[in-house]
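Thank you all for coming. I would like to take a few minutes to walk through one model, beginning with its charged pairs and ending at its ligand.

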Amino acid sequence: MLVTFPHMGNCWPAFKSLCENMGADVYLPNENNTQQLKVGLKHSPEWVCFPFKVTLSNFVECLENNVNKIVMATDCGPCRFGFYYAVQERILKDLGYEFDMYHLPQGDLLTLEWADFLRSICEDKSYATTLNIYRTARVYLMKCQLIQITEKLEGKTRCYEKNKGDTTRCLKRCVRMIDDAKTYSQLRKTRWKIKEEFKKIDQHKHNGQALKVGLTGEIQVTLDPFVNHDIKRKLGELGCEVHMDLSLYDWMKHKFHINFHRKYVEYLSKTHKKIGGIQLDIGGEAYWVLGEYINWAHKGFDGFVHIYPFTCMPEITAKSIITKWYGDERFQLPPAFFGFDEHAGEAGLVTRLEAYTDLLKAKKEKKNGNS
Ligand code: SF4
């Protein structure tokens, strides 16, 4: 019996370990790509969110390769994500595929429903012990944390690299190292090795000239470079130090109620109620996107890039509020917004990013008194 899960950027080593450590044989889905996406587009409702279409494409590819168990996360949140797994299961069964769909409830991880989910994917019940579930969860969380560390270093290094591509190659090496480390002690050593790998990159001096840009948005679009046309790399190559708090680990901590950074940005959004700060989770990352915008504005960042699926209601709400805040000069942080779906084009994105970073550079020079 082969188990699989959706592909989302660099998160696959964590998902893979979660299934493997419960004794399951894992089919690793392909990286998202244009050819594969065509199938998802063909079988999805036209109006549905882009992440739905991308994940459906993953599943078709896996089912064509003899997978018979699919793991899909679900939430009890206020937007469409909570329905993904059920609708996808219906579509795939109507197409004639035979498989079992396992939904991983992640609304509140303190309910420990995830432990029942882990037990359910075990075929060999000797893996279903409480001790093994604890070990599996610990290794999974540690892998999530290492992926976050790697992605943060990637964002802060690329704009200083002397040889174009070194950071991307280093990122890929580190993700493979995370996959290769199987035990807690190996993972501890990997944390140190990741930092060493990034230090080895030949870099220009950090002279304060790089633009500090915050990148955030809907989680699947933000974490998957195919879906967002590798916007993080493009920003780095245009001279931006890219700061990103969003990651799978950040999300996990939030769902375990121990994410104090999220608590802080929630507080920022709430305390700006009079000017439109969102007061509760309305789906996607909208609630936290507003808080991040305020947070990075207070920290004196040069730019703010918000990315989301084209029709994503919660993120579009956040976008409208931030547009108004900046227009009313409530904050001095210039935002840029990019919606992605199957029609998003590469050339238009690059042109807009170049124009945006040129404006940020001019603003920064003016602020520093160089013009
Ligand atoms: S967050 Fe946006 S893209 Fe994701 S399910 Fe909700 S509406 Fe769709």
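Before any residue is called buried or exposed, let me fix the terms: buried means under 20% relative accessible area, exposed means over 50%, and partly exposed is what lies in between, with a 1.4 Å probe and protein chains only. This is a predicted model, in which local features need pLDDT of at least 70 and side-chain atom pairs count only at pLDDT 80 or more, while totals for chains, interfaces and linings use all residues. Residues are numbered from 1 along each chain as its sequence is written, and side-chain values use heavy atoms, with hydrogens and water left out.

A salt bridge here is a side-chain nitrogen of Lys or Arg within 4 Å of a carboxyl oxygen of Asp or Glu, and a search of the whole structure finds 21 of them. Helices (H or I, at least four residues) and strands (E, at least two) are DSSP runs, numbered from the N terminus.

Let me start with Asp245 and Lys152, whose side chains meet in a salt bridge at 3.0 Å, N to O. This pair links distant parts of the chain, 93 residues apart, with Asp245 in the loop between strand E6 (240–243) and H11, and Lys152 in helix H6 (residues 130–157). Asp245 is buried at 17% relative accessible area, whereas Lys152 is partly exposed at 27%.

What does the salt bridge between Asp75 and Lys255 tie together? The N to O distance is 3.3 Å, and because Asp75 lies in the loop between strand E3 (69–74) and helix H4 (81–94) and Lys255 in helix H11 (residues 248–255), the pair ties together parts that are 180 residues apart in sequence. Asp75 is buried, at 16%, and Lys255 is buried too, at 6%.

Glu89 and Lys93 also form a salt bridge, with their closest N and O atoms 3.3 Å apart, but they are four residues apart in helix H4, and therefore separated by about one helical turn.

Turning to the ligand, the residues around it, each with a heavy atom within 4 Å, include Cys49, Arg80, Tyr84, Glu218 and Cys312. By class, this shell has seven nonpolar, one polar and two charged residues, where Ala, Val, Leu, Ile, Met, Phe, Trp, Tyr, Cys and Pro count as nonpolar, Asp, Glu, Lys and Arg as charged, and the others, Gly among them, as polar.
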